[in-house]
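Trainee: Could you go through this one with me and show how each label is earned?

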Amino acid sequence: VNLTNNGPLTATNVEVTDLLPVGYELVTSQVSQGGYINSSGTWTVGSMLNGATASLLISAELVFISTL
């Protein structure tokens with residue numbers, strides 16, 4: 001997930017929600033800024049200056065396939 005503040009002001013208290021689909025389990029997560037909480041899917045970015053970018057990289061594995 002890539003995030004860019006296109007301004008013109010600083011963005012504050014930035015949060016992004018990105019839940020894994022049912023059947024997937026988190027292997028690793030890596031953020032360029034802030035922190036990621038897998039249980040809620042919340043990436044707390046914090047403040048971003050005008051023109052700033054941030055990224056979240058999630059690696060997951062399929063643990064089961066739903067047969068609905």
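Trainee: Okay, how many bridges join strand β3 to β6, and how do they run?

Mentor: Keep in mind that we're looking at a predicted model. Seven bridges join β3, residues 24-31, to β6, and the two strands run antiparallel. One spot to look at is Tyr24, which stands opposite Leu62 in β6.

Trainee: And what makes β1 and β6 a pair?

Mentor: Count the bridges. A pair needs at least two bridges, and β1 (residues 2-4) has three with β6 (residues 53-62), in the antiparallel sense. So β1 and β6 count as paired. Leu3, for instance, sits opposite Ala54 in β6.

Trainee: Which strands form the open sheet, and in what order?

Mentor: The order is β2-β5-β4, three strands with antiparallel pairing. At the edges stand β2 (11-17) and β4 (35-37); each has a single partner strand, so one side of each has no neighbour in the sheet. On average, neighbouring strands here are turned by 20 degrees against each other, if you ignore direction.

Trainee: How do you know that β2 and β5 are paired?

Mentor: Same test: at least two bridges are required. Between β2 and β5 (residues 42-48) there are five, in the antiparallel sense. That's a pair, then. If you want one bridge to find on screen, Val14 has Gly46 in β5 as its partner.

Trainee: Let's zoom in on Thr42. Where is Thr42 found, and why is it called buried or exposed?

Mentor: Thr42 is found in strand β5. Its relative accessible area is 14%, and buried means under 20%, so Thr42 is called buried. Leaving out residues up to four places away in sequence, Thr42 touches Glu15, Val16, Thr17, Gly35, Tyr36 and Ile37.

Trainee: What makes the link between Thr42 and Ser40 a polar contact?

Mentor: The distance is one part of the test: the N or O atoms have to be within 3.5 Å. The side chains of Thr42 and Ser40 are joined at 2.9 Å, and this is a polar contact.

Trainee: Now a loop residue. Why is Asn5 called buried or exposed?

Mentor: Asn5 lies in the loop between β1 and β2. Its value is 10%, and the cut-off for buried is under 20%, so Asn5 is buried. The residues it touches, beyond four places in sequence, include Thr10, Ala11, Met48 and Leu49. Its side chain also reaches the backbone oxygen of Leu9 at 2.9 Å.

Trainee: And what is Gln33 called, with a relative accessible area of 24%?

Mentor: Partly exposed. Buried stops under 20% and exposed starts over 50%; with 24%, Gln33 falls in between, so it gets the middle label. Gln33 lies in the loop between β3 and β4.

Trainee: Which residues is Gln33 in contact with?

Mentor: Skipping neighbours within four places in sequence, they are Trp43, Thr44, Val45, Gly46, Ser47, Met48 and Ala54. Take Val45: it is 12 residues away along the chain, yet the two C-alpha atoms are separated by 5.8 Å. The side chain of Gln33 also reaches the backbone oxygen of Ser47, at 2.6 Å.

Trainee: How far apart are Ala52 and Gln33, in sequence and in space?

Mentor: They are 19 residues apart in sequence and 11 Å apart in space, C-alpha to C-alpha. Ala52 sits in the loop between β5 and β6. Past four places in sequence, Ala52 touches Leu3, Thr4 and Asn5.

Trainee: Zooming out, how many helices and strands are there?

Mentor: Zero helices and six strands. Along the sequence that reads β-β-β-β-β-β.

Trainee: So why is the protein called more spread out than a compact globule?

Mentor: Put the two numbers side by side. The radius of gyration is 14 Å, while the globule rule gives 11 Å for 68 residues; the value is well over the rule, so the protein is more spread out than a compact globule. Along its principal axes, the C-alpha trace spans about 45 × 20 × 15 Å.

Trainee: What share of the residues is buried?

Mentor: Buried residues make up 18% of the 68. As for the accessible surface, it comes to about 4700 Å², with 53% belonging to carbon and sulfur atoms.

Technical notes
Residues numbered from 1 in each chain as written. Predicted model: local features only at pLDDT ≥ 70, side-chain atom pairs only at ≥ 80, totals over all residues. Heavy atoms only, no water. Helix = DSSP H or I, 4+ residues; strand = E, 2+ residues; numbered from the N terminus. Axes fitted to C-alpha atoms, helices over the stretch in contact; angles between N-to-C directions. Buried < 20%, exposed > 50% of the residue type's maximum accessible area, 1.4 Å probe, protein only. Polar contact = N/O pair within 3.5 Å; in protein donor to acceptor, adjacent residues only side chain to side chain. Contact = heavy atoms within 4.5 Å. Rg over C-alpha atoms; globule rule 2.2 N^0.38 Å. Areas by Shrake-Rupley, 256 points an atom, 1.4 Å probe, with all protein chains shown as cover.
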